[in-house]
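Welcome! Take a moment to turn the model around on your screen before reading on. This report walks through how its parts meet.

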Amino acid sequence: MTPLGIEEIQSILGLLDVRRLEMSLVFDDELFEVQEGPLVGNLLADLHTGSPGMGRVGLCTVGALRTDTPPACSIGVKLQVFHAGSNEYREAEILSMQTRPTGVHYYVHYTDFNKRLDEWVTLDKLDLTKEVEWPKPPEPPAPPVSSSHRKKDSISKNSKASRPQKHDGDDGHKSDSMDVDDPTPTDDTKLQEPANFSKEKEIEKLRTSGSMTQSAHEISRVRNLSRLQIGLYELEPWYFSPYPPELTSSPILHICEFCLSYFGCPTRFLRHRQKCDLFHPPGNEIYRDQAVSFFEIDGRRQRTWCRNLCLLSKCFLDHKTLYYDVDPFLFYCMCVRDDRGFHLVGYFSKEKESADGYNVACILTLPQYQRTGYGKLLIAFSYELSKREGKLGSPEKPLSDLGLLSYRAYWQDTIVDILLEQKGEVTIDELANMSAMTTNDVIHTLQTLGMIRYYKGQHVICLTDAILAQKEKLKERQRIKGKRVLDPSCLQWKPPVFTAATRTWNW
Amino acid sequence: MTRQQAANRFRTRKLSTKQQLAVVRESQIDNIDDTDAQRNIPEIETGVERQEEVELHLQAAIHASQAAVTSGKAAAVYIPTPNAEKIKDTQFDALYPKKFSMPSSYIRFSSTVEDCCGCPYSMSAEDQKFLQQYNSGKRPTSARCSEDTFEQVMSHFETVVQQKQPFLSIDTSAILPYEDFESAFDESTSNLVKMHAKAIYPYWKEQRLKNEGRPIMPSLRVRSLSPFSSCVSVANSDWSQFEQGTEKDDGDPYVCFRRREVRQVRKTRRTDAQSTEKLARLRTDMEYAKRALEMVLRREKMRKAAIEMDQKVFEMRAQMKEMQRKLGIRGDWEDLVNIKQKKRPAEQPAPSIQRPPAGLRIDPKATEIELVPFELYQAQKRQKLQNIVEEKVAQRRKLHGGFLNGSPKPDYTPAKPRGYESGVIVHLPSPPPSVSSQESLVEHDPDNNFDDFALALAPYTYGQTVQKKNHMWFRKRIGRGGRILLDRKTLRRQPLPTDINPYRLDRMKHHYSSDEEDDDEDMIDPSSDQNIRFRARLLSPPVEATHHSHQIHRTVAEQHRRQLQSAAQVAAGNQAVTAGVGQMAAPQPKQALQVPKALAPPVPATH
């Protein structure tokens, strides 16, 4: 095919802003030279037919990534993007784009990375020399009817999708997933669907885990706040959180460390601080030792505070949903103290009555306090409460990656400690009762540690050398750094009782 | 044996949670059976979502820990997370001052965030700019609007508009005018707020409209209005109405903290219903109490205002007086004194028309008109009696046809009043026929004329028992100089004094009547022991009082009776004189005993 004239290129790249035009053109010219005709031909054909080669794999120009509305839509495109953290190009999916004064920015999700590493990148981080994968067509081309069909479908999906997340509370995931299971729209698209955004997968997720991210909704896939300032720290949020949309435009969201109110405007925040006379979470202190204090807060009585807490924690918990209100939960907040007040370190929420025997709904150590042993302390506290209640408990699923690691570490530590004390034989039930862990969690721990062995026709629990060595190392480290431990005698707490009226009328 | 070994070897038993497991060290066992070990243990999910479980960093971390467990290689692998860094803000101490003092006991706390944060509105930089501009024109600092006041004003606007126009964001054209906010001021609104509100209103309106009618302070979207995409904030809005049909906001990720579906309420148990009722009642009661207190507050405030006003008036007057003195003006004294306007007495309903019901106080004037003077009443009564008597006399004259009646029932002329009149004067009609001494032995027919007359006169029908023959009669009368005379029956009668002590009278009557029972038929000997004793007793002070009380109630009747009797006695006395025959078997000379007035014994009444 003959090379294109500049007018034609311009018509293809119609949405270019004048200032960036030259650079882009230079960039594009190189591309054309390399790729010769077919690509441009494709592009032109796509522009004429109205779909830029959807569902296909092929090379792409920057121009095709310029718009976020069909036909030439950049959203959903998978391509190689340079990830600064690991210093390499990785496959990533474009989730959103934004035109800023400094140019177009793309919000990308790196495949096999956690969503918290999703980020905004500039155009130059995209590797357009490699093939890109266009998103699958939403529907086989039968435009008017099918598109409406699709829309309806996606709405119903959304409505289900947003619920089954792990919120503090969660009734009837399973029945919901059954409702969604409507095979007709998926059948015809099945064959062409690549892996990235499939309804099938979502349904599968619903079936298996009873939990699903809000990914079906494009807005909530993208982190909406840029920075948080809370107390002495400035944090980068990890996930979307439904703070009032007006606040998403402000560069820093100020959060009052004590009442957790949020302010986009620094003056507002300053004024608020002058008026706010809270110095600790607004509830009863139930535990205090040298290092930390725990507060118990009822979601019903402290609705505003608990909502604020949930909004904040949603920034760091992907599987939390704020779909429903906070009433049926108790919040246990861990604080460190100084002469400014009680600083929130982390918290866990707990259903007032859990049908599934969960002793934790959501659990979070604020990022500024992570990796300092507070997480383990939080977990230990949740089990301490279960011991007081005389129940076995387990955290609500799904766990996040960090959650899993933390729990595994705690479980290992606890079980090994018990076994070291134990002389002779022990049953799994006994282990569970001593640790307030469910038997499933005990078995799970023993299994991942490879401690269950079969010896002479019987199962035995084997404390392996490696585990003992690890334990020694941990002790050594704790001796140097100091270990965070709970003192059960400092816990002044009776399991709260909720009356029949509370349950019936939700008082 | 071999078979069992094989079974052991190839089919490991299921791991039971109740099975006793030996805790051993690795050195204590050999690893031969290891491969089988995991076979019959159920695979347990990690609890992480499958899609995320494959994530690179998690896998790396899991592998690392696995390696540590199996081979003892310690490799600390962390999952990378975005940054969290300390800020270097010099303002920090201003934001979070070091003024917290740790209580020694565990904290107990129940105030809410709203309680602790003061005014819910916090001013923005823009607000500050406006306020500066607003204050710059004002010279006296007192006229300036402080930041706190400004926030209170804004807060007032926001709250009121949220209450009155919760859906302002749908249509901003009809935003509340200032007057509505002014009317929403209540007791708690400070004067400063009232002072500045009007001036701040245009600014607030501009801000609110700029925000498309939504609250100026960003607020959470708790739900969306179903037909519109706009959202309404939480504060003060009425939920229930919009609870239904919120399907549409399901997809909006910014809508959060929905109310849970209301749990199935049990078919109302009685106790539940009762307690609801009780609570409702309690609530209304509390509201009444609250309202009452508010009224009291208002009253007291008005009172205070009135007092202040009085004081002001007083001070002004004092000032005026001062001025008048200084300037030599002779003012009207009325200006200096409160002239209380007397209230006109409310018009009373005419007493003749409306008689107040019994038990109520009667207007004295009204009764004055009603009441007949005693004298008049007496005269009327007298007249009435006179009429009757005269009628009878006339009748009898007519009957006799000018002849003199020689029969035992002689003609009768009414007794003329005595020289002096005191007490009740009763003119009695014809006395009973005079009885000769012989006849006196004969029992009288009770239905004699006298009784007829007595009946005709007396309002009560005790006439039958009035007269009993053969009784001894004593009368007390008061003579000139206040002497009290005790007369026997045969003597000429004097009108009775009215001031007889009814108690005494009753007492004596009692004694007498008991005697009467005994010697009813006997001839009475006035000189007999009994009679003498009786007379003596008449003059002695009362000895026993036990019988008094139950007879008090009879006193009214007794008085009437007394009157009648005395009248009868007068007539009888007259008769006795005219007939020349006493009732007694042996007529006695007059026995007049002088007794001191204080001991005045009563007249023994008869039955």
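## Where the two chains meet

Put chain A and chain B together and about 12200 Å² is buried between them, with 57% of that on carbon and sulfur atoms. If you wonder about that choice of number, the size of an interface is often given as the accessible area lost when the parts come together. Please keep in mind that what you see is a predicted model.

How many residues does each chain bring to the contact? Chain A gives 150 residues and chain B gives 123 residues. Across this interface, 54 residue pairs are in polar contact, counting pairs with both residues at pLDDT 80 or more. On the side of chain A that touches chain B, you would find 65 nonpolar, 44 polar and 41 charged residues.

## A sheet built from both chains

Now look for the strands. An open sheet of 4 strands, with mixed pairing, has the order β19(A)-β1(B)-β21(A)-β20(A). Its edge strands are β19 (425-426) and β20 (452-455) of chain A, and each of these pairs on one side only.

Which way do strand β21 of chain A and strand β1 of chain B run, parallel or antiparallel? They run parallel, and 4 bridges join β21 (residues 458-463) of chain A to β1 (residues 21-25) of chain B. You can find two of the facing pairs by name: A:Cys462 stands opposite B:Val24, and A:Leu463 stands opposite B:Arg25.

## Salt bridges, within and between chains

Over all chains, the structure holds 40 salt bridges. Between chain A and chain B the count is 10. Here are four salt bridges to look up, including pairs within chain A and pairs that link it to chain B.

| One side chain | Its partner | N to O distance |
|---|---|---|
| A:Lys130 | A:Asp127 | 3.3 Å |
| A:Glu234 | A:Arg227 | 2.6 Å |
| B:Arg214 | A:Glu246 | 3.5 Å |
| A:Arg340 | B:Asp93 | 2.6 Å |

Let's start with the salt bridge between B:Arg214 and A:Glu246. This pair crosses between chains: B:Arg214 lies in the loop between α10 (191-210) and β3 (223-224) of chain B, while A:Glu246 lies in the loop between β9 (233-235) and β10 (253-255) of chain A. Why is B:Arg214 called buried? Its relative accessible area is 18%, and buried means under 20%. A:Glu246 has a relative accessible area of 23%, so this residue counts as partly exposed.

Some salt bridges share partners. In that way A:Arg271, A:Lys275, B:Glu147, B:Asp148 and B:Glu151 are joined into one network.

Next, turn to the pairs inside chain A. A:Lys130 is partly exposed, at 43% relative accessibility, whereas its partner A:Asp127 is buried, at 9%. In the pair formed by A:Glu234 and A:Arg227, both residues are buried.

## Chain A as a whole

Finally, step back and view chain A by itself. How many helices and strands does chain A have? The chain has 16 helices and 21 strands. Of its 507 residues, 60% are buried.

The contacts within chain A also tell you about the path of the chain. Among contacts between residues at least 6 apart in sequence, 58% join residues at least 24 apart. To see one meeting point between the chains again, go back to A:Cys462 and its opposite residue, B:Val24 in β1(B).

Technical notes
Residues numbered from 1 in each chain as written. Chains lettered and ligands numbered in written order. Predicted model: local features only at pLDDT ≥ 70, side-chain atom pairs only at ≥ 80, totals over all residues. Heavy atoms only, no water. Buried < 20%, exposed > 50% of the residue type's maximum accessible area, 1.4 Å probe, protein only. Contact = heavy atoms within 4.5 Å. Buried area = accessible area lost by both parts, 1.4 Å probe. Polar contact = N/O pair within 3.5 Å; in protein donor to acceptor, adjacent residues only side chain to side chain. Nonpolar A, V, L, I, M, F, W, Y, C, P; charged D, E, K, R; others polar. Pairing = 2+ DSSP bridges.
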